[in-house]
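Open the model in your viewer and show the backbone as sticks. The stops below concern backbone geometry in loops.

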Amino acid sequence: MPRWLKRSLLTLVALALVAAGSIYFYFKSIGIIPSHDYETQPPAIPAFTRPAVLVFNKTNGFIHKDAIPVADAVFSQLARAQGWDVFVTDNAAVHNPGVLDKFQLVVWNNVSGDVLTPEQRESLKQWLEDGGGWVGVHGSGGDTSYQWQWYVDTLLGAQFVGHTMDPQYQDATILVTEPAVPMTEHLPTPWIVPSEEWYAFASNPRDKGYEILLTIDEDSYITHGETTSGWMAGWTDRMEGEHPLAWRHELGRGRIFYSSIGHRPETYELPEYQQLISGAMRWAMGGQEQ
């Protein structure tokens with residue numbers, strides 16, 4: 001083989017390896033390629049003098065890079081407005097009895113992938129059943145790679161199956177199904193939410209007795225149904241019958257609220273959404289408002 005041809009082939013191979021490496025690290029950086037990072041040593045927790053909220057934002061799956069810091073700030077602001085202390089972390093080792101017992105409410109902010117060890121899972125489950133409160137948003141229920149079936153079937157109550165694409169972000173009409181409860185009574189119905197990503201689920205949590213608070217009108221945005229090719233094959237942005245977006249339920253003596261709204265950072269700055277989340281936090285914290 002001529003030397004020039006050999007050099008050319010080696011150069012092409014090197015360029016291909018660099019390109020492949022760049023693609024890999026890009027997908028890794030946004031969470032398309034899942035991570036398997038687990039912490040076992042919790043961070044130092046300050047001494048709280050008021051009711052305390054833990055805001056947890058670990059991502060071993062897709063990373064909502066723009067939304068997470070904005071939502072962290074909003075959750076912290078809403079908590080402090082209630083006179084509560086706040087601790088924000090991505091260290092999953094906070095899910096142990098010695099740490100969880102310092103908090104009255106845990107917020108999962110766009111948590112994705114498999115993030116807890118078996119011991120940490122059991123700690124969270126027991127803490128919730130003993131009276132803890134949990135609020136989760138968007139990515140915390142929008143993943144197909146969770147390896148904790150109790151989390152999907154019981155805590156959330158539904159398996160995510162896909163979201164809008166082509167276009168991914170759309171205005172849509174939200175319907176308030178429980179307008180008389182304090183956390184939703186401020187919302188107009190219909191409520192037009194601009195430029196968001198809309199989730200679909202394999203089943204309706206109402207079938208398990210969970211209280212559906214918000215649904216979406218599928219006629220108000222473009223749906224494409226099931227995706228039959230590519231890496232999203234099997235995903236759908238439609239649901240038969242009622243299409244829930246936010247719901248709540250009680251678990252033992254604990255309280256659970258989940259909202260699938262919240263892919264884009266601008267959504268967390270909507271006054272209507274902030275008031276909804278604030279009400280959900282108060283309810284999950286164990287407040288009297290129903």
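Select Asp166 in this predicted model. Asp166 sits in the loop that runs between strand 5 and strand 6; strand 5 covers 160–163 and strand 6 covers 170–176. Check the backbone torsions here: phi of Asp166 is near 60°, a positive value in a residue other than glycine. Now turn on the surface. Is Asp166 buried or exposed? Its relative accessible area is 62%, and Asp166 counts as exposed because that value is over 50%.

Keep Asp166 selected and add Pro167, which belongs to the loop between strand 5 and strand 6. The peptide bond joining Asp166 and Pro167 is cis, with omega about 0°.

Next, follow the chain past strand 6 and select Thr189 with Pro190. What kind of peptide bond joins Thr189 and Pro190? This one is cis, and its omega is about 10°. Pro190 is placed in the loop between strand 6 and strand 7, the latter spanning 191–196.

For the last stop, go back along the chain to Asn110. Where does Asn110 lie? Look in the loop between strand 3 (105–109) and helix 4 (118–129). Asn110 is not a glycine, yet its phi is positive, at about 55°. With the surface still on, Asn110 has a relative accessible area of 0%. Asn110 is therefore buried, the cut-off being under 20%.

To finish, show the two residues with positive phi side by side: Asp166 is exposed, whereas Asn110 is buried.

Methods:
Residues numbered from 1 in each chain as written. Predicted model: local features only at pLDDT ≥ 70, side-chain atom pairs only at ≥ 80, totals over all residues. Heavy atoms only, no water. Helix = DSSP H or I, 4+ residues; strand = E, 2+ residues; numbered from the N terminus. Buried < 20%, exposed > 50% of the residue type's maximum accessible area, 1.4 Å probe, protein only.
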